[in-house]
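Work through the exercises below with the coordinates open. Try each task before reading its solution.

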Amino acid sequence: MKDNEIIDIIKEFERDFKSYKDSGRALVKQLALNLNRAEGIEKRYFIDFFFREIGSNKNGLWSLCLQVIVEANQATAAPELERVYYLYFETKDEKWKEDIVMAMLQLNYNKPYELYNSFIDYHPDY
């Protein structure tokens, strides 16, 4: 499956849920449900696309992709989120960094203690 096919699927879901007045929650929930229902290589294509998009934001979908991973409770994806964080954090804004850290926490990923500690030191409100 190619990236443009995945983008077309996401755009179709966006059109279907456009009229919902829930700030996109129904869209995220449906995409997460479909991700969890996908099997094998198809699921891998979607997850790989989501991580590329989270890092590059080439298609303006990084936030949606991150929300879907969290909503789908893809805990096994948390180490990859950490890798993406370290790969791109120098070029990203604070919102991106915060969203990635919060996603890892929501996925109960407890490995990156140093990352969490430095995040808390930098954001004492947490």
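Buried means under 20% relative accessible area, exposed means over 50%, and partly exposed lies in between. The model is predicted.

**Exercise 1. Classify tyrosine 85 and phenylalanine 89 as buried, partly exposed or exposed.**

Solution.
- Step 1. Tyrosine 85 has a relative accessible area of 7%, so tyrosine 85 is buried.
- Step 2. Phenylalanine 89 has a relative accessible area of 27%, so phenylalanine 89 is partly exposed.

**Exercise 2. Determine how the rings of tyrosine 85 and phenylalanine 89 are arranged, and do the same for phenylalanine 13 and phenylalanine 17.**

Solution.
- Step 1. Count the pairs. A search of the whole structure gives eight aromatic pairs.
- Step 2. Take phenylalanine 13 and phenylalanine 17. Their ring centres are 6.5 Å apart and their planes meet at 20°. Planes under 30 degrees apart count as stacked. The pair is therefore stacked.
- Step 3. Check burial. Phenylalanine 13 is buried at 15% relative accessibility. Phenylalanine 17 is buried at 16%.
- Step 4. Take tyrosine 85 and phenylalanine 89. The distance is 5.6 Å centre to centre, with 5° between the planes. This aromatic pair is stacked.
- Step 5. Follow the ring pairs. They link Tyr85, Tyr86, Phe89 and Trp96 into a cluster.

**Exercise 3. Describe the packing of helix H4 and helix H6.**

Solution.
- Step 1. Choose the descriptors. Two packed helices are described by the angle between their axes and the distance between the axes.
- Step 2. Locate the helices. H4 spans residues 62–71 and H6 spans residues 94–106.
- Step 3. Read the geometry. The angle is about 10°, and the axes are 10 Å apart.
- Step 4. Classify. Angles under 35 degrees count as roughly parallel. H4 is therefore roughly parallel to H6.
- Step 5. List the contacts. From H4, Trp62, Leu66 and Val70 take part. They meet Lys95, Trp96, Asp99, Ile100, Ala103 and Gln106 in H6.
- Step 6. Sort by class. The contact of H4 with H6 has six nonpolar, one polar and two charged residues.

**Exercise 4. Where is leucine 64 found, and which residues is it in contact with beyond its neighbours within four places in sequence?**

Solution.
- Step 1. Leucine 64 is in helix H4.
- Step 2. Its relative accessible area is 13%, so leucine 64 is buried.
- Step 3. Leave aside neighbours within four places in sequence. Leucine 64 is then in contact with Ile10, Glu14, Leu27, Val28 and Leu31.
- Step 4. Compare with phenylalanine 89. Leucine 64 and phenylalanine 89 are 25 residues apart in sequence. In space they are 18 Å apart, C-alpha to C-alpha.

Definitions and conventions
Residues numbered from 1 in each chain as written. Predicted model: local features only at pLDDT ≥ 70, side-chain atom pairs only at ≥ 80, totals over all residues. Heavy atoms only, no water. Axes fitted to C-alpha atoms, helices over the stretch in contact; angles between N-to-C directions. Helix = DSSP H or I, 4+ residues; strand = E, 2+ residues; numbered from the N terminus. Parallel < 35°, antiparallel > 145°, perpendicular 65-115°, else oblique. Contact = heavy atoms within 4.5 Å. Nonpolar A, V, L, I, M, F, W, Y, C, P; charged D, E, K, R; others polar. Phe/Tyr/Trp six-rings, centres within 6.5 Å; stacked < 30°, edge-to-face > 60°. Buried < 20%, exposed > 50% of the residue type's maximum accessible area, 1.4 Å probe, protein only.
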